[in-house]
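Trainee: I should like to learn how to read the features of a protein model. May we go through one together?

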Amino acid sequence: MRRIAQLLATAAATAAATAAATAAAAAAQAPATATASTIGIVFDSIRGRPLAGARIRLDSTELVAVTDADGRFRLDGIPPGRHFLRVEHPMIDTIGITLRSAQIAYAPGDSKVAELATPAAESLVERLCSAAWRARGPAALMGRVREADTGVPAGGAKVSLVWYEVQRNLQRAPRVREAIVGADGIYRICGLPAQLDGKAQVIRGALTSGDVPISFGEDMLLLRSISIASASAVVATAPADAADSSGNVVTRVIGTARLTGRVLDRANQPIAGVRVQVDGTARVAETRANGEFAIDSLPPGTQTVSTRKLGYAMGETVVDLSSREPTSVTISMDDYVPVLETVRVSAQRERALDEVGFARRKRIGTGWHMDGPELTDQTHVVFSDVLRAAPGISVQRYGNRNVLRSSRDPNGCVSVWVDGTQWQSMEPGDIDEFVRPWELGAIEVYSASTTPAEFSGSMRGSCTTVVVWTQRRLDRRR
């Protein structure tokens with residue numbers, strides 16, 4: 001708060017000096033004009049910095065100014081009288097508050113100085129969260145949820161926030177907090193612990209957004225708006241009647257949004273051959289020599305894009321897609337650096353496996369399951385080597401690659417799922433080039449008749465199914 005006050009005082013002093021100089025120059029050169037002017041600054045007290053790109057509107061007139069990178073603005077031609085200054089900005093809209101000045105009296109030739117600031121995070125949390133919720137935790141997550149193509153508030157949708165807390169026994173326990181989106185599109189999740197790291201997702205009927213990373217750091221208030229597809233933007237679902245092992249309906253949507261972009265390394269050089277996929281869809285692309293890619297037929301809304309290539313760390317990027325125009329994104333990938341795993345408590349890993357349904361399906365016993373030390377066999381060179389021990393799976397050579405084939409199906413069909421998303425092969429056996437054996441956290445294998453509905457995909461009932469969970473995915477959920 002002291003830093004904010006100092007910045008405001010400095011900005012005000014600068015603005016006042018500028019106003020005085022401007023007024024003196026105007027007085028020396030010409031008589032008082034029939035209009036007035038205002039210069040000032042707008043400060044974002046939530047994030048502790050000037051609010052750039054805000055529109056300053058003078059009520060009852062068409063006068064508008066836009067703040068610069070330092071939050072400063074100037075309005076000329078103000079008619080004499082009493083007026084308000086109203087601030088418009090997406091961040092203010094996300095909070096769901098109105099920000100305007102006190103009423104200012106202008107006389108002909110006046111040059112006024114205005115200082116406007118959003119409420120501080122602590123005061124906003126106090127204002128928007130009840131005392132009972134604040135007693136449970138000091139932080140809050142707020143934002144708006146809109147339909148991606150229309151901007152219409154997605155009233156009635158649900159925002160689900162998942163994170164993990166360390167218990168007294170040093171084990172991590174999952175926590176879930178949910179909020180229903182209001183008719184105005186605003187949601188608020190109060191009573192959260194400080195320095196929370198988790199994932200948020202919007203659920204609206206059978207439609208969901210991607211997983212959005214949520215990291216508070218030292219902030220007490222985090223603002224995050226999310227978009228989701230409308231039912232009319234979905235042109236196909238497959239399969240429409242599937243239900244997962246928890247009884248939840250599984251719907252995979254196809255839309256008309258388009259994503260283009262470029263993948264670069266840490267030196268900003270293009271990377272060729274990167275596999276790019278929008279999670280939860282069957283759409284995938286591989287970057288060209290210049291690092292560029294394009295993916296069509298995507299569901300609009302906030303989605304998560306996964307990038308994979310041997311030698312680089314797997315990446316996840318959140319994008320906002322719309323059917324109205326293509327979305328372009330630049331993705332940076334870091335070099336893969338092997339890190340020796342710290343000792344993990346088995347109960348923690350079991351909890352993560354239970355959350356993705358692995359432990360539950362293993363207890364049912366309808367498939368073949370592998371996790372733990374079995375997956376750390378140093379003789380495994382590529383991913384397909386791990387499947388050599390799996391029943392109903394044979395590994396055959398095709399060109400210079402290994403290809404998974406079903407020994408139970410005359411057609412040899414094998415459907416692979418990686419971290420909940422169906423793998424779309426661009427070339428036979430290409431999964432070995434993108435998934436490393438030392439990345440694996442758990443594997444499930446099912447015959448065509450025992451495949452759970454959530455992994456039936458577009459070849460429902462005809463393929464042997466391999467379900468892969470990477471350590472990155474499991475650790476992310478912890």
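**Reading a helix, a core, a sheet and a loop**

Mentor: Let us begin with a helix. On α3, the face turned away from the buried side carries Glu126 and Arg127, which are exposed. Please keep in mind throughout that this is a predicted model.

Trainee: Which residues of helix α3 are buried?

Mentor: In α3, which spans residues 121-128, the buried residues are Ala121, Leu124 and Val125. Viewed down the axis of α3, the buried residues fall within an arc of 100°, so they line one face of the helix.

Trainee: Against which elements do the buried residues of α3 pack?

Mentor: They pack against the helices α2 (90-95) and α4 (131-134), and also against the strands β11 (139-147) and β18 (221-223).

Trainee: How should I think about a nonpolar core?

Mentor: In soluble globular proteins, nonpolar side chains tend to be buried together. Here the largest nonpolar core has 30 residues, and Phe73, Leu85, Val87 and Leu221 touch the most other members. Another core, of 24 residues, lies apart from it; Ala154, Leu192, Val212 and Ile214 are among its members.

Trainee: Which residues does Leu221 touch, not counting those up to four places away in sequence?

Mentor: Leu221 touches Ala121, Leu124 and Val125, the residues already named as buried in α3. The other residues touched by Leu221 are Ile46, Ala140, Met142 and Phe216.

Trainee: How is a sheet to be read?

Mentor: Strands of a sheet pair through backbone hydrogen bonds, either parallel or antiparallel. One open sheet here has 3 strands in the order β27-β24-β30, and its pairing is mixed. The strands β27 (292-298) and β30 (327-332) stand at the edges with a single partner strand each, so one side of each has no neighbour in the sheet. On average, neighbouring strands of this sheet are turned by 25° against each other, direction ignored.

Trainee: In which sense do β24 and β30 pair, and over how many bridges?

Mentor: Strand β24, residues 257-264, pairs with β30 in the parallel sense over 6 bridges. As one example, Thr260 has Ser328 in β30 as its bridge partner.

Trainee: Is the loop residue Ser209 buried or exposed?

Mentor: Ser209 lies in the loop between β16 (207-208) and β17 (212-215). Its relative accessible area is 3%, and buried means under 20%, so Ser209 counts as buried. Beyond its neighbours within four places in sequence, Ser209 is in contact with residues including Gln201, Ile226 and Thr302.

Trainee: What percentage of the protein chain is buried?

Mentor: Of the 478 residues in the protein chain, 47% are buried.

Key: Residues are numbered from 1 along each chain as its sequence is written. This is a predicted model: local features need pLDDT of at least 70, side-chain atom pairs count only at pLDDT 80 or more; totals for chains, interfaces and linings use all residues. Side-chain values use heavy atoms; hydrogens and water are left out. Buried means under 20% relative accessible area, exposed over 50%, partly exposed in between (1.4 Å probe, protein chains only). A nonpolar core is a set of buried Ala, Val, Leu, Ile, Met, Phe, Trp, Tyr and Cys residues joined through side-chain atoms within 4.5 Å. Contact means heavy atoms within 4.5 Å. Two strands pair if DSSP finds at least two bridges between them. Helices (H or I, at least four residues) and strands (E, at least two) are DSSP runs, numbered from the N terminus. Axes are lines fitted to C-alpha atoms, for helices over the stretch in contact, and angles run from 0 to 180 degrees between N-to-C directions. The arc is that of the directions from the helix axis to the C-beta atoms.
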